[in-house]
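This note sets out a number of points for a colleague who is meeting the structure for the first time. Please read them alongside the sequence and the model.

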Amino acid sequence: MGQSGRSRHQKRARAQAHLRNLEAYAAQPHSFVFARGRVGRSVQQLSMDLRRVMEPLTATRLQIRKKNSLKDCVAVAGPLGVTHFLIVSKTETNVYFKLMRLPGGPTLTFRINKYTLVRDVVSSLRRHRMHEQQFAHPPLLVLNSFGPHGMHVKLMATMFQNLFPSINVHKVNLNTIKRCLLINYNPDSQELDFRHYSIKVVPVGASRGMKKLLQEKFPNMSRLQDISELLATGAGLSESEAEPDGEHNITELPQAVAGRGNMRAQQSAVRLTEIGPRMTLELIKIQEGVGEGNVLFHRLVHKTEEELQAILAAKEEKLRLKAQRQDQQAQNVRRKREQREAHKKKSLAGMKRVRAEADGDSDAEDPGAPPEAEGTSQQEVEEDEAEYFRQAVGEEPDEDMFPKAVKRRPTGPPGKKQRLKERKLDRGSDRRPQKAKGRGPGAQAKVGPRGAARNRGQGRPRLPKRAA
């Protein structure tokens, strides 16, 4: 049996191609589209429609919570390679649209004068063309009337161009262009018209009957005698299916396009069908940075040169104070670190000195403890032995047994057990001591712990004889 699977060269080539695709995808611009604040249901749906326009180079399932700030979004956008933010917000009077460039800005703020959602645009059309394959590739951006009307207009055009990947007209595949985004600038009203279209390419130069044959749905020819009747006269077709094609939308295809009859070097018509959303935008201001910074342009507020210089001086002073505080904080941190290190070294040196004094010199002869210490230790030992004697016997030891122990004085009246013990001792002292058997005259009886004489090897004591 032969070797199954791909060869080593095929695996290496596939891995390299996959790596190149990942690098190309990472080099393209990516975006986050979301709404901020309480915007309502319609404005929230508008943000979702804008996210649909920016597909596939956007986060389609992005969720922004109320507690998430703009700094949190910027921190997440860096590792993900996000380059633009499209933010929709609403106030009591207007709806605003912000376009931000990450990570350094600028920020363009537009006021949305009018907007129409996708569902409203689609419901107004008799026939609409919108399917999932159209959103597999980014749309084709078309800018109109962005001429030399000022630096702010040029900046707007640059921002919109950077939203989408660049196109090489010599290498582009026409089958990847399924949508078109048109942004038209009106110099008189200074408004932008935002339109989103679906692109369809159909062949021209053929009769309506031939076009019906080229479509996926085959026409009904049950009433025809021959197919030539369909090709010659177009019988059975309604007049409403006439196509308004002309020189404005007919072109020669440089390459074959998906669709029946769209061959290379053949005449075809490009048709646009609006799929929404629609917006009418008005530029309000341009700022440096992401959401904050110097105002480069403002349509409603115009300031003199002196006011601009004063604002610039105040900002420079603010930056200087901020840098000064940062330097002071760095110095405080450095000083505290040095103090901790010095205190640590001092503590370690003291610990070593105390340990050395406690251990002493191991080679020198131990002089021993001083006499006072020896006496104190002997007294403590005898006190411990005396206490053990009290617990074992139940009586106070004799003075000559532990001379150095401190005699403990009774603190209260004797208890019942103590009184019984004293009575027993008294009774034993009244009896006459007995002579021990098998001992010499000089032998003495052994004294027990209770003070009574104990004679070993004897039975019951004998009573004394009566006198004659």
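1. Two strands are said to pair if DSSP finds at least two bridges between them. In this predicted model, Phe-34 stands opposite Ile-87, a residue of strand S2. Strand S1, residues 31-36, is joined to S2 by 6 bridges, and the two strands run parallel.

2. Strand S2 also pairs with strand S3. S3 covers residues 95-101, and 7 bridges join S2 to S3 in an antiparallel arrangement. The connection from S2 to S3 is a hairpin of 4 residues. S2 thus has a parallel partner in S1 and an antiparallel partner in S3.

3. How many of the 7 residues of strand S2 are buried? The count is 6, and the strand, which spans residues 84-90, is mostly covered.

4. His-84 deserves separate attention. This residue is found in strand S2, and its bridge partner in S3 is Arg-101. The C-alpha atoms of His-84 and Phe-32 are separated by 6.5 Å, although the two residues are 52 residues apart along the chain. Is His-84 buried or exposed? His-84 is buried, because its relative accessible area is 1% and the limit for that class is under 20%.

5. The next points concern charged side chains. A search of the whole structure finds 7 salt bridges. One group of residues, made up of Arg-52, Glu-55 and Glu-132, is linked in a network of salt bridges.

6. Glu-274 and Arg-278 form a salt bridge through their side chains, with an N to O distance of 2.6 Å. The two partners fall into separate classes of exposure: Glu-274 is buried, with a relative accessible area of 11%, whereas Arg-278 is partly exposed at 29%.

7. Helix H8, residues 305-359, contains both members of another pair. Arg-320 and Glu-317 lie in this helix, 3 residues apart, which is about one turn of the helix. Their side chains meet in a salt bridge with an N to O distance of 2.4 Å. Arg-320 is partly exposed, with a relative accessible area of 43%, and Glu-317 is likewise partly exposed, with a value of 35%.

8. Helix H9, residues 371-393, holds Glu-387 and Arg-390, again 3 residues apart and about one turn of the helix. The side chains of this pair meet in a salt bridge at 3.1 Å, N to O. Glu-387 is partly exposed, with a relative accessible area of 28%. Arg-390 counts as buried, because its relative accessibility is 10% and burial is set at under 20%.

9. Which residues gather in a patch of positive charge on the surface? They are Arg-334, Arg-335, Lys-336, Arg-337 and Arg-340. Lys-336 lies in helix H8, the helix that also holds Arg-320 and Glu-317.

10. Why can Lys-336 belong to such a patch while being only partly exposed? Its relative accessible area is 47%, and patches are made of residues with over 30% relative accessible area and no salt bridge, so partial exposure at this value meets the accessibility requirement.

Technical notes. Residues are numbered from 1 along each chain as its sequence is written. This is a predicted model: local features need pLDDT of at least 70, side-chain atom pairs count only at pLDDT 80 or more; totals for chains, interfaces and linings use all residues. Side-chain values use heavy atoms; hydrogens and water are left out. Patches are made of residues with over 30% relative accessible area and no salt bridge: like charges are joined within 9 Å, nonpolar side chains (Val, Leu, Ile, Met, Phe, Trp, Tyr) within 5 Å. Accessible areas come from the Shrake-Rupley method with a 1.4 Å probe; for residues, only the protein chains shown count as cover. A salt bridge is a side-chain nitrogen of Lys or Arg within 4 Å of a carboxyl oxygen of Asp or Glu. Lys and Arg count as positive and Asp and Glu as negative; His and the chain ends are not counted. The place of a charge is taken as NZ of Lys, CZ of Arg, CG of Asp or CD of Glu. Buried means under 20% relative accessible area, exposed over 50%, partly exposed in between (1.4 Å probe, protein chains only).
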